[in-house]
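Welcome, and please open the model in your viewer with the cartoon display on. We will go from the whole chain to a sheet, then to its strands and the side chains around them.

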Amino acid sequence: MIALSDRLQPLDVSFLSAETPNTPLHVGGLAILEPAETGLDVAALRRRVEQRIALVPRFRRRVRWVPGGLSQPVWVDDSRFDLAYHVRRTGLPTPGTDAQLHALVGRLMSTQLDRSRPLWELYLVEGLKDKNVAVVAKSHPALVDGVGGVDLLHVLLDDSPATAESVTPVWRPDPEPGPADLMLDAAADLVRHPIAALTSAGRALGATGTGLLAAARPAPASPLSAEPGRQRRFATARTDLDQYRKLRAKGTVNDVVLATVAGALRAWLLYRGAPVPPDAVLRALVPTSVRGGPPAAFGGDDVGSRVATSLIDLPIGEPNPTVRLTQIAYSMRAHAEPGRRVGADALVRLSGFAPATLNAMAARAASGLSRRLFNLVVTNAPGPQRPLYVAGARLREIFPFVPLAAGQAVAIGVTSYDGHVYYGLNADWDAMADVDVLAALLNESIDELTEGAP
């Protein structure tokens, strides 16, 4: 029999139901790795995944729908699980440029995940300059429940290049249930837990924060409002974390990130020749990890297991970067719930390194709100400020990928790691042909903010 705990949550079911070829909801990112002298090939990456995948058992399970919709779908072991399908090799003509790599990422991220298999893929990309390799990761938000959960890429990371080879656990999939088994168990669940679906739905709504709909006004009209097509463009920006730390007296690192984005959006609109009046704003949906409130089963709060979503007006009409930062910092404080926000250090301790995890939570939040309430999603997931390794290869850079919500032209994922802040921009192919310009303007924006900072 299938246990109730193996059922998808109502919010996850809504993601799967709402997903279309134009709006795939997978999250992920681009990781740049510097291999050791022994190199890193697809066989070594598969071997490391095989050794660690037992830590995230859902990554060997697929979704089975209950006939007749009698209950929520269930996670079942994939009896035909094939690691070679999920961990693949591709390459660029050596030496591959950033533009070629970004084009590849855009193509890989444009397609939906195969619903008949576990909802994730890893691509090892060879042919980069300096003998580096890249890993492109994509996974569905349904695989990750809150910041307490982890993405597969996280369990592949080590603190040292000299990690010992572990014994690969033997895995035997449980037999998959047939249609009659699924229907019988669904009927039993309805008898045992007649209001479970209602309470689960209530918890799902609470997980995205409250109070947004009552107070929110429609988002301003802008070129960022567009119906996405099926193709994506991907762009990146690399910045120095010290620049953000210099501005601590004026706001948090997250405030500075939002001010950097605001400055870049202002310059991008001016570059396009669009009018930017002094009172112009763009509204960002900004997810933040919060303490869950009720005690967790193993003691203490379920810190970081929920996400609060804030709608922040980015003052793009303000020409003074310092004033923009001050206004954003004030708005963020006004949205904060005292004692509930989880700081960067706490989030890193809880989740290790979780850009994909927080981005999964952002996708949940964005999908639950009207497209008319915000112009773009901006996430910021802090990471550790020390080197990490994958199968002996040093992680040099990591750029998050945040899915586009309906009506959105661009989504911006941000993460800090080992002294740098990395931006990943996911954009619609047609609406944002100049996404590379916006990415370059992020560097100019943070430089403008830090000019004159002590």
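Contact here means heavy atoms within 4.5 Å. With that in mind, among contacts in the chain between residues at least 6 apart in sequence, 80% join residues at least 24 apart. The model you are looking at is predicted.

**The whole chain.** Colour by secondary structure to see 14 helices and 15 strands. Of the 454 residues, 54% are buried. Switch on the surface next: the chain exposes about 19,300 Å², and carbon and sulfur atoms supply 55% of that area.

**The sheet.** Now select the seven strands of an open sheet with mixed pairing, in the order β4-β5-β6-β1-β13-β12-β7. The edges are β4 and β7 (157-158), each of which pairs on one side only. Helix α2 (residues 42-52) packs on this sheet and touches β4, β5, β6, β7 and β12 (389-390). The direction of α2 makes about 145 degrees with that of β4.

**From β4 to β5.** Select residues 87-96 for strand β4 and residues 120-128 for strand β5. The two strands pair in the parallel sense over six bridges, and Arg88 stands opposite Tyr123 in β5. Add helix α4 (residues 98-110), which lies across β1, β4, β5, β6 and β13 (393-401) and runs at about 155 degrees to β4. Together, β4, α4 and β5 make a right-handed β-α-β unit.

**A stop at Leu92.** Show the side chain of Leu92, in β4. Is Leu92 buried or exposed? Its relative accessibility is 11%, and buried means under 20%, so Leu92 counts as buried. What is in contact with Leu92, leaving aside its neighbours within four places in sequence? Select Thr97, Gln100, Leu101, Leu104, Val125, Glu126, Gly127 and Leu128 to see them. For a distance label, pick the C-alpha atoms of Leu92 and Glu126: they are 6.2 Å apart, although the residues are 34 apart in sequence.

**On to β6 and β1.** Follow β5 into β6: the two strands form a hairpin with four residues between them. In the turn, Asp130 has a positive phi of about 60 degrees. β5 and β6 run antiparallel and are joined by six bridges; one pair to pick out is Glu121 and its bridge partner in β6, Lys138. Moving one strand along, β1 (residues 27-34) and β6 (residues 133-139) pair in the antiparallel sense over seven bridges. Here the bridge partner of Leu33 is Val133 in β6.

**The nonpolar cores.** Nonpolar side chains tend to be buried together in soluble globular proteins. Select Leu30, Val49, Leu101, Trp120, Leu122 and Leu152: of the 57 residues in the largest nonpolar core, these touch the most other members. Which strand gives the most to this core? Strand β5 does, with six residues. β5 is itself mostly covered, with eight of its nine residues buried.

Centre the view on Leu122. Apart from its neighbours within four places in sequence, Leu122 is in contact with Val49, His86, Val87, Arg88, Val135, Val136, Ala137, Leu152 and Leu156. For a last selection, try Leu269, Val276, Val378 and Leu449, which are included in a second, separate core of 48 residues.

Technical notes. Residues numbered from 1 in each chain as written. Predicted model: local features only at pLDDT ≥ 70, side-chain atom pairs only at ≥ 80, totals over all residues. Heavy atoms only, no water. Core = buried A, V, L, I, M, F, W, Y, C linked by side-chain atoms within 4.5 Å. Buried < 20%, exposed > 50% of the residue type's maximum accessible area, 1.4 Å probe, protein only. Pairing = 2+ DSSP bridges. Axes fitted to C-alpha atoms, helices over the stretch in contact; angles between N-to-C directions. Areas by Shrake-Rupley, 256 points an atom, 1.4 Å probe, with all protein chains shown as cover. Right-handed = clockwise from strand over helix to strand, strands pointing away.
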